[in-house]
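The exercises below are meant to be worked with the coordinates open in a viewer. Try each task before reading its solution.

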Amino acid sequence: MTANLLIMTIKLILAIILGGVIGYERERNEHPAGIRTHMLVCLGATLIMIISQSFSDQSDPARIAAQIVTGIGFLGAGTILHQGSIVRGLTTAASLWVVAGIGMAIGVGIGLTIYAWLAVIATVLVFATLASIKHIELQLGNHYTQDVYINVLNKKSYVIIDLLDQIQSLGVKLDYMKSTPIDGGSIKQWHIRIFIPSHLKESDIIETITSSTDIIKFEWE
């Protein structure tokens, strides 16, 4: 009993670590689901797999494990955001789905099986994919990243959506968008990260943004 409990504990700790590695990459890039969410998903999937195997005499543990996939589908859908014509969060939803699979691999079997090593390998591959592929895509597409800060009156937040439509029509792509209330909530500061084609002049984008009379403050970093 003590040996089994030790192995189960090791599995849960491993799930926390591997889930946290992938969650770290998501959080450092300010995506909807970060370290805690990925850690909990991986831990939960591992725990369910461990428990489901104790029911093997009464039910099929594979049926219980299958419910993890369904549940993660609903959780992943919650990370997908629609902002006008823009859809964000698909990659984070996919990372949550993969993290659940990693947790299942850790939890399967009585001891630390070969699937635990498979989970470690998968974590390395997922982290490498999330961390490096975007940079490769940007280089192949000849884009570079730019952070923009725009202040508008809270009641005129709709201005930002119109503004994004205008700059995207120039060929700019949106990577990240977040609003923070300031001055007691009367003003919203929008942090927007965009991908700019190398052939596009920054002056054209700045001119488009500053043409709006509803913008109180504009910072280009």
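What follows are four exercises on a predicted model, each with a worked solution.

**Exercise 1. Overall architecture**

Task: Establish how many helices and strands the protein has, and in what order the elements run from the N terminus.

Solution: Counting the elements gives seven helices and six strands. Reading from the N terminus on, their order is α-α-α-β-β-α-α-β-α-β-β-α-β. Turning to the chain as a whole, 37% of the 221 residues count as buried, and among the contacts with a separation of 6 or more, 70% are between residues 24 or more positions apart.

**Exercise 2. The packing of α1 and α2**

Task: Decide how helix α1 is oriented relative to helix α2, and describe the residues through which they meet.

Solution: Begin with the axes of α1, residues 2-28, and α2, residues 35-53, which come within 7 Å and cross at roughly 150°. Because angles over 145 degrees count as roughly antiparallel, this crossing makes α1 roughly antiparallel to α2. The handedness comes next, and α1 passes α2 in a right-handed crossing. The final step is the list of contacts: on the α1 side it includes Met8, Leu12, Ala15, Ile16, Gly19 and Gly23, while α2 contributes Ile35, His38, Met39, Cys42, Leu43, Thr46, Leu47 and Ile50. Sorted by class, the contact of α1 with α2 has twelve nonpolar, five polar and three charged residues.

**Exercise 3. Length and burial of α2**

Task: Compare the span of α2 with its expected value, and find which of its residues are buried.

Solution: The 19 residues of α2 reach 28 Å from the first C-alpha to the last, which is close to the 27 Å expected at 1.5 Å a residue. The buried residues of this helix are His38, Val41, Cys42, Ala45, Thr46, Met49, Ile50 and Ser52. To interpret such spacings, recall that an α-helix has 3.6 residues a turn, so residues three or four places apart point the same way. Returning to the contact list, His38, Cys42, Thr46 and Ile50 are among the α2 residues that meet α1, and these four are also among the buried ones.

**Exercise 4. The packing of α6 and α7**

Task: Carry out the orientation analysis for helices α6 and α7.

Solution: The axes of α6, residues 158-168, and α7, residues 202-210, lie 10 Å apart, and the helices pack at an angle of about 155°. The two helices are therefore roughly antiparallel to each other, and their crossing is right-handed. Leu163, Gln166 and Ile167 in α6 meet Ile205, Thr208 and Ile209 in α7. By class, this contact has four nonpolar, two polar and no charged residues.

Conventions
Residues are numbered from 1 along each chain as its sequence is written. This is a predicted model: local features need pLDDT of at least 70, side-chain atom pairs count only at pLDDT 80 or more; totals for chains, interfaces and linings use all residues. Side-chain values use heavy atoms; hydrogens and water are left out. Axes are lines fitted to C-alpha atoms, for helices over the stretch in contact, and angles run from 0 to 180 degrees between N-to-C directions. Angles under 35 degrees count as roughly parallel, over 145 as roughly antiparallel, 65 to 115 as roughly perpendicular and the rest as oblique. A crossing is left-handed if the near helix is turned anticlockwise from the far one by less than a right angle, and right-handed if clockwise. Contact means heavy atoms within 4.5 Å. Ala, Val, Leu, Ile, Met, Phe, Trp, Tyr, Cys and Pro count as nonpolar, Asp, Glu, Lys and Arg as charged, and the others, Gly among them, as polar. The expected span of a helix is 1.5 Å times one less than its number of residues. Buried means under 20% relative accessible area, exposed over 50%, partly exposed in between (1.4 Å probe, protein chains only).
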